[in-house]
Amino acid sequence: MNKETTAMKPPASLNGLLEYACGLTPDLDEAARAGYEEQLRLLRRERTERPTIFVGAGTCGLGAGAGKSLNAIRAFLRLRNIDAEIVEVGCIGLCAEEPLVDIQLPGKPRVSFKHVTEDKVKPLLESVLAETIPTDMVLGQFTTPGVAPWHNVDRLAEHPFFAPQTRWVLKNCGVINPSSLGEYVAGGGYRALTKVIHTMTPAEVCDMVEQSGLRGRGGGGFPTGKKWKFALSTTSDRKYLVCNADEGDPGAFMDRAVIEGDPHRLLEGMAIAAYAIGASKAYIYIRAEYPLAIKRLQHAIAEAKDCGFLGENIQDSGFSLEIVIKMGAGAFVCGEETALINSIEGKRGMPRPRPPFPAVKGLFDKPTIINNVETLANIPRIAEGGAEAFAAIGSETSKGTKVFALSGKIALTGLVEVAMGTRLRQVLFDIGGGIPNGKKFKAVQIGGPSGGCIPDEHLDIAIDYESLKTVGAMMGSGGLVVMDEDTCMVDVAKFFMEFIQRESCGKCIPCREGTLRMLQILERITRGRKSESKFQALERFKGVMMLNRTAEVIRDTSLCGLGQTAPNPVLSTLRWFRDEYEAHIYERRCPAGVCQELRSFEIDVELCDGCTLCAQRCPVDGAIVGVPKKVHYIIEDKCIGCGTCVDVCPTHAARLRIPGAEEIDRERRESEQALSVFASGAFEDWHEGAALYRMGKQ
Amino acid sequence: MSTTTGQPAVQPDIQEILDRHADAGRDALIPLLQDVQETHGYLSREAIARIGEHLHLPASKIYGVATFYNQFRFQPLGRYHIQVCRGTACHVKGSLGVLDAIRQDLALEPGKTTRDGLFSLEVVACIGACGLAPVISINGEFYANLTPQKVRDIMDELREEVENDE
């Protein structure tokens, strides 16, 4: 019968094994050593005794149907009475090909398969158990030492998605069983912690991290070692470590993947960090929207405690650490350090002025270090391999690797980890596979709501903290949302302003009111003539003139990072895609055909076969006219631009109407007239702005 | 404090939750609210008053905290709780159309519950499944790579499920 290892509790004998794996028992006799090595090989899956099936059961995998595939696999094995092991692993990062299932037969390396939906489980298992690899579903095979590879199966490491990556933080994600501490230890886990608490002083650990050049991966990019030293040098009876897993950036999901796929790496990093700053209590502030990650963390903490890697007097070193999970309640601003502290204390998550910095006076007024998940997950590697090895990779000012979440209009969505200094173009086109459906690349949004959009001509910049700033973007937490020619940049800016306006905590007036004003301006320029009065038409111009100025005020006068970076999406799109803004303002058209009020549709008389589907589905009465079996027409004045007709038309007769040059010219002339109203002095306040704006345009 | 009419008369006892947080300080407020919402489905006025007594905090402070965070609700949820992701990746891939389709199909605005108590709609910032955008989650189950048409089909399926149950 198949037995599952999802809730494995280490037997007492595992303790000896763990001590051996961590290098605590060097003077073992040959026989015991060989026995442990054999056990470790089994845990590392270098050898299996029965077929093992790995199912990618991260949130993204489950979303793609891994749960159903898992049930199908169980049913298949039960029906055939096959003795196999099923392991639920985390996300390997290739979200576009989910659900992913790996199969390892005894004496063979593990092979990865893509798109294993419920219905494909049976043919796949039948074929693989008969030792034939179905070529259409295979993704690649793992490299297992001492095992002969499959013939004619590519190696997973050579897959174009994985080959250019440097997987340090994601090393175990999707490979090991996240619910098994044994597997983590067999792969070298907790060895760094053991080394640190037995052979190094806290100051030495801080020095090491500082030398490694590791900088905060949550967005700010502050040197981690330096930050730790502040806390170390502050004397206090209590200190706290907080892991910021409140991954609020829309478009970023690397922290979730790390926690779901390799929770012990985070715990080990936290234990080392707590030791370095002298904290005995640590919090993980995680989003409530990540239930699976919370579950995996709870399990991992309990397991680590049982095995003596957390809790009182860890490995008789005198160092104790308690880790508590705090669920965030959904507020983007809580990603900001001081707001997060307030939230843990049970208050509204509003930022406090700094200084005093949290490293001096933070949670419950005690010195507190707040680090992002990815930052902490880098620590075990630094402690094990040394600062030099870590600093050997990366650019001048940014060391190590960075995980990016690729999403949007890109062929291979997923998680990628590359060395700092890699070209952005390589990440998008070599790893990500470029833009699907033959569309043209327009921009990539990096850094979430605080970041910016980077156009094609700047894709050759190297990824590091400084160079991204030169093009008006920032590292942020590493969400990369790709946009193609069908994306309207004004709409994207509006989307981010809507988000920031909603998430502004309301403490600083420039951020609370200013972001709303900026949103209103963007709403006005994306509004069609049908729904506005003459006064509003003039207001459009007034607003546009104030857009830059408002942005500057918000940036200069807000307290926290959220406010200071709030105008970035608008400023960066305005900088690189000014022509799109102008098309919206002067020509009242949306070049990408996204802004609903600025577009209309038409029906191709050649293609329409009069099926009446569009008229039935059209939400406006009488906007589409026609009798069955005859050509239909759209009444432009009634069309609200929703695009339902395009969605439902079986013959693709309904399509976006592209305005002719004459029409665009007319709109432009009217806009010029409106501007001249300002210039006439009838609106004194605006006079200067209008004149300046026109000068700027000439 | 009297309960407002229309709320379910029988609620699971809140005392049990409060007992779990005995001798708790202010920092237990958010976990307490989360626990109550988890069992009751929302935060009733009564529950807030009881939490206030327990933590020695005025109800105004508790409302201050509870209304600050997106997670807390003051209305019971529908049988099907639909969360529509409006993250960047979902937006770029057309989540607004998905949201509009649900809005039209159920005649329901975000943050509200239908009168029959079947559906409630919520817009969330990002549920972290950007690789599968656009995504919605119904009672915690994910539906990926949606289009307005697919969403309408899902709503129809749910309605059918309800009818079969009755």
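Q: Before we tour this predicted model, what does it take for a residue to be called buried?

A: A residue is buried if 20 or more other C-beta atoms lie within 10 Å of its own. Read that way, 40% of the 166 residues of chain B count as buried.

Q: Good, that gives me a start on chain B. How many helices and strands does chain B have, and in what order do the elements run?

A: Chain B has seven helices and four strands. Starting at the N terminus, the order is α-α-α-α-β-α-α-β-β-β-α. Along the principal axes, the C-alpha atoms of chain B fill a box of roughly 50 × 40 × 25 Å.

Q: Which domains does the assignment give for chain B?

A: The domain assignment has domain 1 at 15-68 and domain 2 at 80-165. Taken over C-alpha atoms, the centres of these two domains of chain B are 29 Å apart. Another way to look at the fold is to ask how far apart in sequence the touching residues are. Among contacts in chain B with a separation of 6 or more, 63% are between residues 24 or more positions apart.

Q: Let's look at the strands of chain B. In what order do they lie in the sheet?

A: To read a sheet, walk across it from one edge to the other. Here the order is E2-E1-E3-E4 in chain B, in an open sheet with mixed pairing. Strand E2 (119-124) and strand E4 (141-143) of chain B are at the edges with a single partner strand each, so one side of each has no neighbour in the sheet. From one strand to the next, the twist averages 25°.

Q: How many bridges join E1(B) to E2(B), and do they run parallel or antiparallel?

A: Six bridges join strand E1 (residues 80-85) of chain B to E2(B), and the two run parallel. To see one of the pairs, find B:Cys85: its bridge partner in E2(B) is B:Val124.

Q: Which helix packs on that sheet?

A: Look for helix H6 (residues 95-106) of chain B, which touches E1, E2 and strand E3 (136-138) of chain B. The direction of H6(B) makes about 150° with that of E1(B).

Q: Now for the place where the two chains meet. How many residues of chain B are in contact with chain A?

A: On the chain B side there are 35 residues, in contact with 43 residues of chain A. Helices H2 (29-40), H4 (59-68), H5 (88-92) and H7 (148-165) of chain B each give two or more residues to this side. The largest share, four residues, comes from H5(B). By class, the chain B side has 21 nonpolar, eleven polar and three charged residues.

Q: Over in chain A, how should I read two helices that pack together?

A: Two packed helices are described by the angle between their axes and the distance between the axes. Take helix H11 (residues 263-277) and helix H14 (residues 373-385) of chain A: their axes come within 7 Å and cross at roughly 75°. H11(A) and H14(A) are therefore roughly perpendicular to each other. Residues making the contact include A:Leu266, A:Met270 and A:Ile272 of H11(A), with A:Leu376, A:Ile379 and A:Pro380 among those of H14(A). The contact has ten nonpolar, two polar and two charged residues.

Q: What angle does H10(A) make with H14(A)?

A: Helix H10 (residues 254-261) of chain A packs against H14(A) at an angle of about 45°, and their axes are 9 Å apart. This pair is therefore oblique. In H10(A), A:Met254, A:Asp255, A:Val258 and A:Ile259 meet A:Val373, A:Glu374 and A:Ala377 in H14(A). That contact divides into five nonpolar, no polar and two charged residues. As for burial, eight of the eight residues of H10(A) are buried, among them A:Arg256 and A:Glu260.

Q: And which residues of strand E4 in chain A are buried?

A: A strand has two faces to check. In strand E4 (residues 101-104) of chain A, both are covered: A:Val101 and A:Ile103 are buried on one side, A:Asp102 and A:Gln104 on the other.

Q: Which strands pair with E4(A)?

A: Strand E2 (residues 52-56) of chain A pairs with E4(A) in the antiparallel sense over four bridges, and A:Phe54 has A:Asp102 as its bridge partner. Strand E5 (residues 111-113) of chain A also pairs with E4(A) in the antiparallel sense, over three bridges, with A:Val101 opposite A:Phe113. The hairpin of E4(A) and E5(A) has six residues between the strands, and A:Gly107 there takes a positive phi near 75°.

Note on methods:
Residues are numbered from 1 along each chain as its sequence is written. Chains are lettered from A and ligands numbered from 1 in the order in which they are written. This is a predicted model: local features need pLDDT of at least 70, side-chain atom pairs count only at pLDDT 80 or more; totals for chains, interfaces and linings use all residues. Domain bounds come from an automatic or database domain assignment. Two residues are in contact if their C-beta atoms, placed from the backbone, lie within 7 Å. Ala, Val, Leu, Ile, Met, Phe, Trp, Tyr, Cys and Pro count as nonpolar, Asp, Glu, Lys and Arg as charged, and the others, Gly among them, as polar. Two strands pair if DSSP finds at least two bridges between them. Axes are lines fitted to C-alpha atoms, for helices over the stretch in contact, and angles run from 0 to 180 degrees between N-to-C directions. Angles under 35 degrees count as roughly parallel, over 145 as roughly antiparallel, 65 to 115 as roughly perpendicular and the rest as oblique. A residue is buried if 20 or more other C-beta atoms lie within 10 Å of its own, exposed if 12 or fewer, and partly exposed in between; C-beta atoms are placed from the backbone.
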